[in-house]
Structure formats: structure tokens, C-alpha cells
Amino acid sequence: MELTKRSNGTDWEAEAATSQSILFKMGSEYYGLSIALVREIIKPLPITRFPKSPVYVEGVIDLRGRILPIVNLRKMFGLEPIAQTDDTRFVDLQLEGLNIGIVVDAVSEVMNIPQHLIEPAPPIVAGVEGKYLQGIARLEDKLILLLDIDEIFGQWKKV
């Protein structure tokens, strides 16, 4: 008798294979990234600009005594910039060898996304290089672009 099958034939292992992601919006699109990378989500703080930074680097903030660089993903991905709103958030990410904050239009929710709903990303998607995507999840009425944060920020990680 196989223990991973329910009596109705559902595969327990396949059902258990999920990716816990934080979902956020940029424009009308939903994006996701692994919740394991998120240290915290905060309301925007004053940013200290740094000259000659790439256009998508907003500057740095002082987050309770910790200097955190802030990157605007809209600018990085070539999306139309917008002014901050009450929904704008900074997402403090902790990667191996790099702490960085990203600006998002709004944080939506934390969700367990079943692996069987995630498809590989095409090489080029809406102007964002496919290498920045881990995949695309199809959830009910929306598509979630799952970001590959290691690929996006890998060039700045300390080895």
C-alpha cells in the first residue's frame, strides 16, 4: 500500500510541494518571491540619495541602526515610475552575503503556491529578462511572476 496516496487517488507528496511566497503588486501585475528571503516589510522611510548610483538605486535608509540600500524594481525592470502612495512598502530582503530593500507598490499577501501551478518562465516576459524569473504561477484569475532574487541581485552578493 502506497502511503502517499489518499483513498481518492490524490498524491499527498505532490499536494504538499508548495512554495511559500509573499505577493506584491507593481502596476496591475502581481509578483512573488520566497518568504524565506524577507526579513520585514516596512512603510517607506526617508531615503538618503547617493550620487552616481544606477538609476534604479534610490539610495540608503537607516533602519534601526542598519544601513539598507533601497532598489526600485519598477525602474530596474523599465516600468513607468510612479509616486509613492499609502500602499507603497519597502521589503527588507536578506540574501546570503547581501541585505537590500526593494520598493513595491503594495504588498498583497503571503501564499503557499503549489509547485504544480508554477510553469517555467519564457526567455523574455514583458520586457523583463526571463532569467530574473523562477517561473510563472497561474492562480485562479491572475498570473504571478515569481522573481529569482538571487539572479537579480547576485552580482552584488559577497562571496
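## Confidence and overall make-up

pLDDT is the predictor's confidence in each residue, on a scale from 0 to 100. This is a predicted model. Its protein chain has a mean pLDDT of 83, and 83% of the residues reach 70 or more. The weak stretch is residues 1–14, where pLDDT stays under 50. For that stretch the model has 11 contacts beyond four places in sequence.

The chain holds 3 helices and 13 strands. Of its 159 residues, 38% count as buried. The accessible surface comes to about 9,600 Å², and carbon and sulfur atoms hold 52% of that area. Take the contacts between residues at least 6 apart in sequence: 51% of them join residues at least 24 apart.

## The six-stranded sheet

One open sheet has 6 strands. Their order is β8-β1-β2-β13-β12-β9, and the pairing is mixed. The edges are β8 (106–114) and β9 (118–119). Each has a single partner strand, so one side of each is left without a neighbour in the sheet.

Inside this order, β12 and β13 run antiparallel and are joined by 6 bridges. One residue pair to look up is Ile 136 with its bridge partner in β13, Leu 145. The loop between β12 and β13 holds Glu 140, which is taken up again below.

## The five-stranded sheet

A second open sheet can be traced as β3-β6-β7-β5-β4. It has 5 strands, again with mixed pairing. Here β3 and β4 (57–63) are the edge strands, and each pairs on one side only. Neighbouring strands are turned by 30° against each other on average, direction ignored.

β5 and β7 pair in the parallel sense over 3 bridges. Ile 70 has Gly 101 of β7 as its bridge partner. Asn 72 sits in strand β5 (residues 66–72). Is Asn 72 buried or exposed? Its relative accessible area is 9%, under the 20% limit, so Asn 72 is buried. Beyond four places in sequence, Asn 72 touches Tyr 56, Glu 58 and Val 103.

## Nonpolar cores

The largest nonpolar core has 26 residues. Those with the most contacts inside it are Phe 24, Leu 73, Phe 77, Leu 93, Ile 102, Leu 147 and Phe 153. The elements giving two or more residues to this core are β1 (18–26), β2, α2 (73–76), β6 (89–95), β7 (98–104), β12 (133–139), β13 (142–147) and α3. β7 gives the most, with 4 residues. Another core lies apart from this one. It has 8 residues, among them Leu 23, Ile 113, Leu 139 and Ile 144.

Leu 147 shows how the main core is wired. Leaving aside neighbours within four places in sequence, Leu 147 is in contact with Phe 24, Leu 73 and Phe 77. The contact list of Leu 147 also includes Tyr 31, Gly 32, Tyr 132, Leu 133, Gln 134 and Ile 152.

## Leu 37 and Ile 149

Leu 37 is in the loop between β2 (29–34) and β3 (38–42). Ile 149 belongs to helix α3 (residues 149–153). The two are 112 residues apart along the chain, yet their C-alpha atoms are separated by 8.6 Å. They also touch. Other contacts of Leu 37 beyond four places in sequence are Asp 92, Leu 93, Gln 94 and Leu 95.

Where does the accessibility of Ile 149 stand? At 2%, it is under the 20% cut-off, so Ile 149 counts as buried. Besides Leu 37, Ile 149 touches Leu 33, Leu 93, Leu 95 and Gly 154, not counting residues up to four places away. Gln 134 is 15 residues from Ile 149 in sequence and 8.8 Å away, C-alpha to C-alpha.

## Two positive phi angles

Most residues other than glycine have a negative phi. Two loop positions deserve a look on that account.

Arg 64 is not a glycine, but it has a positive phi of about 50°. Arg 64 is found in the loop between β4 and β5. Its relative accessible area is 62%, over the 50% mark, so Arg 64 is exposed.

Glu 140, in the loop between β12 and β13, also is not a glycine and has a positive phi of about 45°. With a relative accessibility of 83%, Glu 140 counts as exposed.

Terms used:
Residues are numbered from 1 along each chain as its sequence is written. This is a predicted model: local features need pLDDT of at least 70, side-chain atom pairs count only at pLDDT 80 or more; totals for chains, interfaces and linings use all residues. Side-chain values use heavy atoms; hydrogens and water are left out. Contact means heavy atoms within 4.5 Å. Buried means under 20% relative accessible area, exposed over 50%, partly exposed in between (1.4 Å probe, protein chains only). Accessible areas come from the Shrake-Rupley method with a 1.4 Å probe; for residues, only the protein chains shown count as cover. A nonpolar core is a set of buried Ala, Val, Leu, Ile, Met, Phe, Trp, Tyr and Cys residues joined through side-chain atoms within 4.5 Å. Two strands pair if DSSP finds at least two bridges between them. Axes are lines fitted to C-alpha atoms, for helices over the stretch in contact, and angles run from 0 to 180 degrees between N-to-C directions.
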